[in-house]
Amino acid sequence: MKRLLLTFSLLAFAVLAFGQAKKPIIMVVPSDQYCISRGYKMEFNNQGLKQVLPDYKTALQTDPDLRLVITKMGQIMADRGFPLKDLEQELKNLEQERAESSMLTSSSSGSEMAESPIDALKRVAKADIIMDLDFEVKRQGPQKYIVFNLKGLDAYTAKQVSGVAGAGSPSTSASPELLLEEAVLSHMDNFNAGLMRHFEDMFAKGREVKVQIKVWANWGENLESEFGSDGNELSTIIEDWFADNCVEGRFNLSDATENFMKFEQVRIPMMRTDEKGRQRAVDTRSFVSDLRKYLNGMGIPSKLYMRGLGEAWLILGEK
């Protein structure tokens, strides 16, 4: 009886712990190729270089087939238990945020800290996975069929974690969304299995993000300045903090100078326990906010700036 009670208790604890974990959130977007090839595009100035990027708003407002196909793809994923973010609604949220935001200028480089529209959309939506969908309805005599390419991209790193491509069967009367449903259903088990392998890796090894440390030019100190009772260089103090707080100490300091540190493949925990003992989800902002508080305790003020969902800049010297 005691063994049975112990087993039940462990099972209940496991269910409770899993239930508190952050669930993957999906957002379906048309691929860059789909948008740009049909003229749904806009030019974006990325630190002096012109980039052509998809214009989702125009695409959704002028392409009725796209709206139907995205809605159907979202429904297919929702039926399999994945929570969804609606692209059109997130675009509206982004427009509202833009109206409230202000520009920020880097004192070290003098250049604007530009954020692409796509990064901004990911940051506002905070989806875990971007489902990048490309499709084309083709004709074969009186019949139509759909060719599709579906990629699951980690919203934090833009790395592809799952994918499937194929073509549906010809039909004389089916609408685009029904053609898509018929074409993708037989592939969804493999596609979702790829997503779940990625999530399991994140829960075991942490979510991968990027962090950059910069210095305001008017601060009077830099990353080689010495702080603390041991007189360690600030760069060493920051690197030690990452070693202590990343999952299994996993990170890569890919570049560093006296005014700059670039951390890649930073594995942050998915969950943490706050001061009141509650389990809270961790994202890039909250992780780097802990570093900002740690440095502030040493008399080092800083400004936290987000670039998309998976990258944060911490600029030392002032808020």
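**Close-up views of a predicted model**

**View 1. Helix α8 has the span its residue count calls for.** Helix α8 covers residues 188-205, and at 1.5 Å a residue its 18 residues should span 26 Å; the end C-alpha atoms are indeed 26 Å apart, so the two agree. Keep in mind that this is a predicted model. Just after α8 comes Gly-206, a residue with a positive phi, near 95°.

**View 2. Helix α8 has a buried side and a face turned away from it.** Which residues of α8 are buried? They are Met-188, Phe-191, Asn-192, Gly-194, Leu-195, His-198, Phe-199 and Met-202. These residues lie on the same side of α8, because they cover an arc of only 150° around the axis. The spacing fits a simple rule: an α-helix has 3.6 residues a turn, so residues three or four places apart point the same way. On the face turned away from the buried side, have a look at the exposed residues Asp-189, Asn-190, Arg-197 and Glu-200.

**View 3. Trp-241 and Phe-242 form an edge-to-face aromatic pair.** The count of aromatic pairs in the model comes to nine. In the pair shown here, Trp-241 and Phe-242 are 5.5 Å apart centre to centre, with 85° between the planes; an angle over 60 degrees counts as edge-to-face. Both partners are worth checking for burial, for which the cut-off is under 20% relative accessible area. Trp-241 has 8%, so this residue is buried, and Phe-242, at 1%, is buried too. Ring pairs also link Trp-241 and Phe-242 with Phe-251, Phe-263 and Phe-287 into a cluster.

**View 4. Two charged side chains sit over aromatic rings.** The charged end of Arg-207 is placed over the ring of Tyr-156, 4.1 Å from the ring centre. For Lys-214, the ring underneath belongs to Trp-313, and the charged end sits 4.7 Å from its centre.

**View 5. Glu-208 of strand β8 contacts Lys-159 through side chains.** Strand β8 runs over residues 207-215 and includes Glu-208. Is Glu-208 buried or exposed? Its relative accessibility is 16%, and therefore Glu-208 counts as buried. The side chain of Glu-208 makes a polar contact of 2.9 Å with the side chain of Lys-159.

**View 6. Cys-35 and Cys-246 are buried cysteines in a structure without disulfides.** How many disulfides does the structure hold? The number is zero. Cys-35 has a relative accessibility of 0% and so counts as buried. Cys-246 is likewise buried, with a relative accessible area of 6%.

Methods:
Residues are numbered from 1 along each chain as its sequence is written. This is a predicted model: local features need pLDDT of at least 70, side-chain atom pairs count only at pLDDT 80 or more; totals for chains, interfaces and linings use all residues. Side-chain values use heavy atoms; hydrogens and water are left out. Helices (H or I, at least four residues) and strands (E, at least two) are DSSP runs, numbered from the N terminus. The expected span of a helix is 1.5 Å times one less than its number of residues. Buried means under 20% relative accessible area, exposed over 50%, partly exposed in between (1.4 Å probe, protein chains only). The arc is that of the directions from the helix axis to the C-beta atoms. Rings of Phe, Tyr and Trp (its six-membered ring) pair if their centres lie within 6.5 Å; planes under 30 degrees apart count as stacked, over 60 as edge-to-face and the rest as tilted. A charge sits over a ring if NZ of Lys or CZ of Arg is within 6 Å of the ring centre and within 35 degrees of the ring normal. A disulfide is a pair of cysteine sulfur atoms within 2.5 Å. A polar contact is a pair of N or O atoms within 3.5 Å; within protein, one must be able to donate a hydrogen and the other to accept it, and residues adjacent in sequence count only if both atoms are side-chain atoms.
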